[in-house]
Amino acid sequence: MISKEVFSRDRLAVGLAVCTLLLLLVFFYGLHQNVAGLGQEIEELKSLNSAVLMLESRHTMLDSKVTELNTLPRKTTVMTMENQVRSMAHAADDLEQRLGGRHRDKLSVIRTLLQEIGQDLHDSK
């Protein structure tokens, strides 16, 4: 009978060892699947990070273009004023040729002042 009890205990121990081994195999297979999934997620995060960096550089480029476009109204205003001053200088030149005497000297001063204003506007662009 002792041999039958020992044989039963041995069978129980072998059965527990096999169950433990199967449980370990299932555990390690699940762990391997999780690690593989994490590797794939890390690769996706890397590609997402590069996409974010690309979008950030595009955002910076667009910000610089918006800043440049915001300066255009000032430039066009200055160009318009410069053209008006140039037109007034030509009108003063035309009047200077038509009028004589003391008016001619005053129109010459006016034309010179208008040319200086036009040059200042041109330099401020």
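Let me begin with Asp120, which at 53% relative accessibility counts as exposed, because the cut-off for that word is over 50%. Asp120 is found in helix α2, and I should say at once that everything I describe today comes from a predicted model. If you look for Ala13 in the structure as well, you will see that Asp120 and Ala13 are 107 residues apart in sequence, while their C-alpha atoms lie 102 Å apart in space.

A second pair of residues is worth setting beside that one. Leu95 lies in helix α1, and with a relative accessibility of 40% Leu95 counts as partly exposed, since that class runs between the 20% limit for buried and the 50% limit for exposed. Leu95 and Leu107 are 12 residues apart along the chain, and the distance between their C-alpha atoms is 7.4 Å.

Now let us turn to the nonpolar core. Which residues make up the largest nonpolar core? There are 5 residues in all, namely Val78, Val85, Ala89, Leu114 and Leu121. Two elements each give two or more residues to this core, and these are α1, covering 2-98, and α2, covering 102-124. Of these, α1 gives the most, with 3 residues. Val85 is a good residue to follow on the screen, and if we leave aside residues up to four places away in sequence, Val85 touches Leu114, Ile117, Gly118 and Leu121.

Next comes Glu82, which lies in helix α1. Is Glu82 buried or exposed? Glu82 has a relative accessible area of 7% and is therefore buried, given that the limit is under 20%. The side chain of Glu82 also makes a polar contact of 3.2 Å with the side chain of His122.

Finally, Glu82 and Val85 bring us to the largest pocket, since both are among the residues that line that pocket, and by definition a lining residue has an atom within 4 Å of a pocket point. The space in the largest pocket is about 160 Å³. Besides those two, the lining includes Arg86, Ala89, His90, Asp93, Arg111, Leu114, Gln115, Gly118 and Gln119. The elements that give two or more residues to this lining are α1 and α2, and the largest share, 6 residues, comes from α1. How many residues of the lining are nonpolar, polar and charged? The lining of the largest pocket divides into 3 nonpolar, 4 polar and 4 charged residues. Val85, Ala89 and Leu114 are worth a last look, because they are listed both in the largest nonpolar core and in the lining of the largest pocket, as the definitions of core and lining allow.

Terms used
Residues numbered from 1 in each chain as written. Predicted model: local features only at pLDDT ≥ 70, side-chain atom pairs only at ≥ 80, totals over all residues. Heavy atoms only, no water. Core = buried A, V, L, I, M, F, W, Y, C linked by side-chain atoms within 4.5 Å. Buried < 20%, exposed > 50% of the residue type's maximum accessible area, 1.4 Å probe, protein only. Helix = DSSP H or I, 4+ residues; strand = E, 2+ residues; numbered from the N terminus. Contact = heavy atoms within 4.5 Å. Polar contact = N/O pair within 3.5 Å; in protein donor to acceptor, adjacent residues only side chain to side chain. 1 Å grid on protein atoms, 1.4 Å probe; cavity = no way out; pocket = protein on both sides within 12 Å on 5 of 7 lines; lining within 4 Å. Points joined across faces, edges and corners; volume = space filled by probe spheres on them. Nonpolar A, V, L, I, M, F, W, Y, C, P; charged D, E, K, R; others polar.
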